[in-house]
Amino acid sequence: MEKYDLIVVGAGAAGIMAAITAARHLKQVLLIEKLPSVGAKLKATGGGRCNLTNTLSNEEFMNRFGRESRFMMPALKAMNNNDLMRFFAEIGVECHAPDGYRVFPVTHNSMSIVDAFEKELARLKIKTLCSTRVTKIDSDGAKITGVDAGHKHYSCSNLIVATGGLGFPTLGAEGEGHSMAAALGHKVTELFPAMLPLRTKEAWVKNCRADTVAKVEIKINLPRSSKQHARGDLIFTANGIRGPVILDFAREITPLLARLGEVPVLVNLTQGMNEEDIKERLKKEKAKSPHGSILEHLGAFMAKPLARELILLAGLDPQKALHIQPGADRERLFKILAWTPLTIIGHDGFAGAMITRGGIALKEICPETLESRLLKGLYFCGEILDLDGPCGGFNLQWSFSSGFLAAHLGDLAQKNQTDRV
Ligand SMILES: Cc1cc2nc3c(=O)[nH]c(=O)nc-3n(C[C@H](O)[C@H](O)[C@H](O)COP(=O)(O)OP(=O)(O)OC[C@H]3O[C@@H](n4cnc5c(N)ncnc54)[C@H](O)[C@@H]3O)c2cc1C
C-alpha cells in the first residue's frame, strides 16, 4: 500500500498550488487528477488569457465576495495578489496589469501558467496521477486515513480536497468532491450555476443582439432584493442577455430563479441617465433637428435597434416626432428609458456556468488552516468551498491563496500564534 504525508485530490488552480507548496516543505505529496492532464480549467480561463488576479487590496478584494467573505482573510494574508505574482515570477511567468486592474501573464496565454506549473511539479518530483478518479475518502471516524482511486487504496494522514465547483463539467467539474465530503458528514449548501448568460421572457431582445451597451446598471425588481445591483457592459443575445455585468450579477439571480421560476429585473441602458436627464437630452436633440422622429432623436445617444424596441415597448411610433404622440405613452417611454423592465426566465445551467454559488459550508471549516472541524487531516480549498466572486481574477486568486494556505497543514496558523506570543 502506498503511503503519503499528503494527498491532493484535483489538479486545478487550488490543487496544483497546494501540491507545489506542500512539496516545497519537504512533504511526500501525491496529486490525483481524473482528467488526462493537469490544469484543464486553467487553460480555458480568461478566454485563454488567464486573468489570474487583480490589483485590489485584501479588504476591497474580500468585499466583492459578499456573504461570509471574512472567511478568506487568513488565506489572503498567507498569499495576496503581490505574493501570487512573485510566486509566478519565481517559476518563470511574468505578470502585468495592462488596465491597472486585471492581472494576466505577459504572454496573455494561459498555457504559460499551466506549463510553468507542470515544470514545477516535475522539478519537485511530485507524483502526479492523471486519468485517476478518487471515488472515496477514507477515515477512522476521527481522522483521515486515505483515499480509494482507480481500484487502489492510497494511505495518507493529510488530504486536501480541491475538486472545484460544478461549472463546465467537461473541464472536470462533476461534484464528486461535494458528495465525498457529504458522506463524511460535511454540510454542502445548495449549489447554483453562476457567471453565465441569462434568458429573458422578452423576445424583443433578439432584435438588438450583438449590440453592446456600455455602463449598464441592473437591479432586481423584487421588494426584498431591491438593493442587489451591478454595473458594467451588457450584450443582447438571441434569447436574453450576457456580458460582464450579467456574468457578475447572475449569481444573485439563479437562486431566486430556482425558487420563483422567473425574476423581474430593471436595467438602465442610458448610461445612468434618469427621466429628467433623458427629457433634457431629447429636448437638445429636437433643437438640433426640429422635424426629426423620436427614433432619430433617441438614436443619437443609443443604438438604433435598441432605441426602436424601447419606443415600441412604450407604445409609440418610432417614425413620428415625440411631441405629436399621446402624453401617457411619452411618459411611459421616459420611465422605460430610465429603467427598462426585463424578466429572467432561465439559463443554460452548470454546462455554461463559469462559477458555482454554494459549496462546502464554511462554518465546519477552520479559516486559519482550512482544515475540517469534523475530521483531522482533512482540508478543502478553491471553488469547492461556499465562496464565489465576480469576474476579474477573484476566483483564481481565491483558489491559489486557499491552496497555498491549506498546504501548510496548520503550520502557518501555529507559526502566526507563536509569533504573537
Ligand atoms: C471558462 C472559464 C473561464 C474562467 N475564467 C476565469 C478567469 O479569467 N479568472 C478567474 O479568476 N476565474 C476564472 N474562472 C473561474 C476559475 O477558473 C475557477 O474558479 C478555478 O479554476 C477553480 O479552481 P479549483 O482548483 O478550485 O477547481 P478546478 O480548476 O475546477 O479544478 C478541480 C480539479 O479537480 C478534478 N477532480 C474533480 N473531481 C475529481 C475526482 N473525484 N478525482 C480526481 N480529480 C477530480 C477536476 O478534473 C479538476 O481538474 C473561469 C472559469 C471558467 C469555467
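User: Which element gives the largest share of the shell around the ligand?
Analyst: This is a predicted model: local features need pLDDT of at least 70, side-chain atom pairs count only at pLDDT 80 or more, and totals for chains, interfaces and linings use all residues. Residues are numbered from 1 along each chain as its sequence is written. Helices are DSSP runs of H or I with at least four residues, strands are runs of E with at least two, and both are numbered from the N terminus. With four residues, the largest share of the shell comes from α13.

User: Which residues come nearest to the ligand?
Analyst: A residue is near if its C-beta atom, placed from the backbone, lies within 6 Å of the molecule. There are 39 residues around the ligand, and the nearest are G10, G12, G164, G172 and G382.

User: Which elements give two or more residues to that shell?
Analyst: The shell holds 18 nonpolar, 15 polar and six charged residues. Here Ala, Val, Leu, Ile, Met, Phe, Trp, Tyr, Cys and Pro count as nonpolar, Asp, Glu, Lys and Arg as charged, and the others, Gly among them, as polar. Two or more residues each come from α1 (13–24), α2 (40–44), α7 (176–183) and α13 (394–406).

User: How many residues does α1 give to the largest nonpolar core?
Analyst: A core joins buried Ala, Val, Leu, Ile, Met, Phe, Trp, Tyr and Cys residues through C-beta atoms within 7 Å. Buried means 20 or more other C-beta atoms within 10 Å of the residue's own, all placed from the backbone. The largest core has 77 residues, with I7, A18, A19, L159 and I160 making the most contacts inside it. α1 gives the most, and its count is nine.

User: How many residues does the second, separate core have?
Analyst: This core includes A194, M195, L316 and I336. Its size is 47 residues.

User: Which elements help cover the buried residues of α11?
Analyst: In α11 (304–313), the buried residues are L306, A307, R308, E309, L310 and I311. Their cover includes β12 (212–220), α10 (294–298), α12 (327–338) and β16 (340–346).

User: Which residue of β16 stands opposite V265?
Analyst: Strands pair if DSSP finds at least two bridges between them. β15 (263–268) runs antiparallel to β12, with four bridges. β15 and β16 are also antiparallel, joined by five bridges. Opposite V265 stands L342.

User: How far apart are the centres of domain 1 and domain 2?
Analyst: Domain 1 spans 2–192 + 350–420, and domain 2 spans 197–347. These bounds come from an automatic or database domain assignment. Taken over C-alpha atoms, the centres are separated by 40 Å.

Note on methods:
A residue is buried if 20 or more other C-beta atoms lie within 10 Å of its own, exposed if 12 or fewer, and partly exposed in between; C-beta atoms are placed from the backbone. Two residues are in contact if their C-beta atoms, placed from the backbone, lie within 7 Å.
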